[in-house]
Amino acid sequence: MKIASAQLRNFRNHTETELEFKTAANALLGENGQGKTNVLEALSYLCLTKSFYAANDGTVVQQGKDFFDVRGTLLLDHGTEQTIRVSYDAAVNRRRYFVGEKEIVTFSSVIGKYPIVILSPENSSITFGTPADRRKFIDLTISQSSKVYIDDALEYRRTLRQRNKILSEAARKKMLTAADKASLEPWTEALVTRGAKIILKRAQFLREFAPYVSDAYAAIVEDGEAPATAYEPQIACSPDDSAAAVEERYRRMLEEKRADEIKTGASLVGPHRDEIAFSLNGLRLRTYSSQGQHKTFLVGLKIAEFFYLKERCSETPVFLLDDVFSELDDPRSTRLVGFIENLAQTFITATSESVFRNALQWNDERQKIFIRNGAPVSEREMITA
Amino acid sequence: MQYTSASVEQLVEEFSQLPGIGKKTALRLALYILKMPRERVASFSAALTNVKEKVRYCSICSNITENDPCIICSNPKRNRFVICVVEEPNDVLALEKTNEYSGLYHVLGGALSPLDNVGPEDLKVKELLARINDSLEEIILAMNPNVEGETTTMYLSRLLKPMGMKISRIARGLPIGSDLEFADEATLSRALEGRVAL
């Protein structure tokens, strides 16, 4: 897939911005706070129905306006064009998504249809943050290639909430009454069956994903650092285990933790407490690595995500790279840009052209877009300003 | 806002307590009733009182009824060897509309949902167990295909399995007249899971 054009109205600091894109690299250049990232955010609305970082749509509407509107033309791999429109009405706090003339009501049906791989400063939590951040990363990647997984994950979350309600009541009363026990039993069984599905799917995913990470790493780093991604589920599991075997282990662990669960008032065993361990040359990334190594690892994960999705979705994903150069040394930056823009259409924000050095030749497939004060400006205007 | 009639105000209040009715609709309904002929208002209000006075729960299947046992439980033509378990009375109506099912029903009165304070004790499970006897051949579980319904299905099937009769659940899958290519992935994968041997 390629994004051919986009129009932004009342979108953050863009009052009325129209952009045409090139098929390989599109560098968005400008000083801090001029609206480069806002363009990436608009593309995220087009492809994912939502922002990649704003938690609520209201903050995206330009100050003093009551709606925003993003339109775009996507060129799919097999040649058809699709026009997308996302509009948000602040008065009713409602976002609407249209493909052509047709309104899409269930946003989740769009996930994975127009795949994008985003690398932004917010992503640093994947390597720096908590296990929950890493679970979110793999869940999102699996979801983009498997809608069934989204469904299973939502069902698991709902089951967890139901079961926790009983446990929190028990914690309040400091005991599990006979009636509570009868209530808990079916939800324990439901948690086990639904949780085992998630565990097995994640185990299978990480086994498939690991070689992609190694390959990506080899492509962007010269000195042979060896990355590893390992699934560390609370309930030991190999991808070849049967569902029944995982369920049995799960049941037993819940049994052992029963007293603690009643004390804390929450479910203590399950995929909602899994960890995904990242390491470099056998050392834990979280504990032993430098800022630059973290960033490189993250880039490796994102490139791996690209190849993983490319093979499983019907469309080639588009790269959105927001401020990726900040912690990388020059050789790594140059290699990264050169490598990525050969794979797919790429949108890169940067404060200055100098970071590209000789990695990009500006031509029919590669362009610089200068952004100032929420609008595209010509290179000459940029220099004279 | 100030009402010029306390009776209208009270009626608006009552209407707006109903599910799906806001203040505006309530006011419109109240004014409409004001314009209705006296006889129609009387029959409307009688219908409201009747529903509360005459309708009760069938002592066998827990469905809503005016005569105990209900017309389905007391119908000699129904197949007494099969019981279909559903969540709510409207599920019985839905199944009856098919004209394909001639067995008996059992209405649980909901599905397991701790978040709504519904546990096994709050459903008509004991009543279901009391109906089980040696001549019963099959129990069909027909819960809604959501987390709560599925968990209730799981719970009942574990409870009923040891009792020896056949336990089945209604299939989850594709709507009639639809195309495979337009089915959403979750439905399609469930349909695959529940495939039937030929």
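**A tour of the contact between chain B and chain A**

Start by selecting both chains of this predicted model: chain B and chain A bury about 1900 Å² between them, 59% of it on carbon and sulfur atoms, where buried area is the accessible area (1.4 Å probe) that two parts lose on being put together, summed over both. Within chain B, select P114(B), L115(B) and V147(B), which lose the most area to chain A and together account for 31% of what that side buries.

Residues are numbered from 1 along each chain as its sequence is written, and chains are lettered from A in the order in which they are written. Local features need pLDDT of at least 70, side-chain atom pairs count only at pLDDT 80 or more, and totals for chains, interfaces and linings use all residues, while side-chain values use heavy atoms, with hydrogens and water left out.

Next, display the whole contact (heavy atoms within 4.5 Å), to which chain B brings 20 residues and chain A brings 22 residues.

Then turn to the charged pairs: six salt bridges are counted between chain B and chain A, each a side-chain nitrogen of Lys or Arg within 4 Å of a carboxyl oxygen of Asp or Glu. To view one of them, select R158(B) and E185(A), whose side chains meet at 3.3 Å, N to O.

Now colour α6 (147-160) and α7 (185-193) of chain B, each of which supplies at least two residues of the side that touches chain A; helices here are DSSP runs (H or I, at least four residues), numbered from the N terminus. Of that side, α6(B) gives the most, with seven residues.
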